[in-house]
Amino acid sequence: MQTINFKQSSVFTLAAVTLALILNACAPPQEAETNVKAIAVASGPFFSGPNSLIAEQTVDFEQLIVGQNLSAQQLESVKLEEVSVSLRAIDSIDFSYFDDASLSIVGNDIEMMSIATLNPIDSKGQNILLQASEEAELVDYFKAGNYSLVLDMGLNQDLFLNDLGATIDIKLNVLYKKQ
């Protein structure tokens, strides 16, 4: 009799675990907004035409969505909502020195993709808002754990600065599986 009870309880346990896994797999993904800040820099001097500033990023999965402690496997989608760029005040320049700007993302073994642009730049201030690509899917870059942001800005004149920097603020919409 005990052998039968053991087999029955094993079958019920297996069925319960299987059902729980199926229900978890079928659960709709959670959605949240988050912000990523990057500091892009380049060494000068800078000449008229395109100039690239680079920001190396490491994904902090524990802090990507506050309170969720995510893993790469939980990410289903990462899309852009908004991208703003701010020049450093210590560089003593504004966006009147630039004609256009574009932001691209690249990762190890993942091709470079343009994700936001502004052409022409019609600002004499320290901040601009780029036109974010609505269809750009960034999940593979985030799952990889590391990626680079490349901010290309077209100078309309030569600048003899030692270096140039900008802060890139990105608002993201993230879909993830709840654990």
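What follows is a walk through this structure, from its core and strands out to its loops and charged pairs. Keep in mind that this is a predicted model.

Let's start in the middle. The largest nonpolar core has 50 residues, and the members that touch the most others are L103, L138, F142 and L149. If you want to know which element feeds this core most, look at strand β8, residues 163–176: seven residues come from there, the largest share.

F142 is a good place to park your viewer. Leaving aside residues up to four places away in sequence, F142 touches V36, V59, F61, L64, L75, V78, Y147 and L172. One of those contacts, Y147, is also a ring partner, so let's turn to the aromatics.

How many aromatic pairs does a search of the whole structure find? The count is three. A pair like this is described by the distance between the ring centres and the angle between the planes. For F142 and Y147 the centres are 5.1 Å apart and the planes sit at 35 degrees, which puts the pair in the tilted class. F142 and Y147 are both buried. That 35 degrees counts as tilted because the stacked class takes planes under 30 degrees apart and the edge-to-face class takes those over 60. F95 and F98 make another tilted pair, with 5.8 Å from centre to centre and 55 degrees between the planes. Here, too, both rings belong to buried residues, F95 and F98.

Now for the strands, with β7 as the anchor. Strand β7 covers residues 146–155, and eight of its ten residues are buried, so the rest of the structure largely encloses it. Which strands does β7 pair with? Strand β2, residues 49–58, runs antiparallel to β7 and is joined to it by ten bridges. Within that pairing, P50 stands opposite G154 of β7. Strand β4 also runs antiparallel to β7, and here there are eight bridges. To find the register on this side, look for I105, which stands opposite L149 in β7. L149 should ring a bell, being one of the residues with the most contacts to other core members. When you scan along strands like these, remember that in a regular strand the side chains alternate between the two faces of the sheet.

Next, hop over to the loop between β5 (110–118) and β6 (127–132), where Q126 is found. Is Q126 exposed, partly exposed or buried? Its relative accessibility is 29%, so Q126 counts as partly exposed. Leaving out sequence neighbours up to four places away, Q126 touches V85, S86, L87, R88, A89, I93, D94 and F95. Take F95 from that list: its C-alpha atom is 6.2 Å from that of Q126, although the two residues are 31 apart along the chain. There is a polar contact as well, with the side chain of Q126 reaching the backbone oxygen of I93 at 3.4 Å.

The loop between β5 and β6 also holds S123. The side chain of S123 reaches the backbone nitrogen of G125 at 3.0 Å. Past four places in sequence, S123 touches F95, S96 and I128. F95 therefore turns up in the contacts of S123 and of Q126, and in a tilted ring pair with F98.

Last come the charges. The whole structure yields three salt bridges. K37 pairs with D169, the closest N and O atoms being 3.8 Å apart. This pair links distant parts of the chain, with K37 in strand β1 (residues 30–43) and D169 in strand β8, 132 residues apart. K37 counts as exposed because its relative accessibility is 57%, while D169, at 25%, counts as partly exposed.

R88 is involved in the others. The side chains of R88 and D91 meet in a salt bridge at 2.9 Å, N to O. D91 is buried, with a relative accessible area of 7%. R88 also meets D163 in a salt bridge, again with an N to O distance of 2.9 Å. That second pair spans 75 residues, from R88 in the loop between β3 (75–87) and β4 (98–107) to D163 in strand β8. D163 is partly exposed, with a relative accessible area of 35%. Shared partners join R88, D91 and D163 into one salt-bridge network. R88 is also among the residues that Q126 touches, which brings you back to the loop between β5 and β6.

Definitions and conventions. Residues numbered from 1 in each chain as written. Predicted model: local features only at pLDDT ≥ 70, side-chain atom pairs only at ≥ 80, totals over all residues. Heavy atoms only, no water. Core = buried A, V, L, I, M, F, W, Y, C linked by side-chain atoms within 4.5 Å. Buried < 20%, exposed > 50% of the residue type's maximum accessible area, 1.4 Å probe, protein only. Helix = DSSP H or I, 4+ residues; strand = E, 2+ residues; numbered from the N terminus. Contact = heavy atoms within 4.5 Å. Phe/Tyr/Trp six-rings, centres within 6.5 Å; stacked < 30°, edge-to-face > 60°. Polar contact = N/O pair within 3.5 Å; in protein donor to acceptor, adjacent residues only side chain to side chain. Salt bridge = Lys/Arg side-chain N within 4 Å of Asp/Glu carboxyl O. Pairing = 2+ DSSP bridges.
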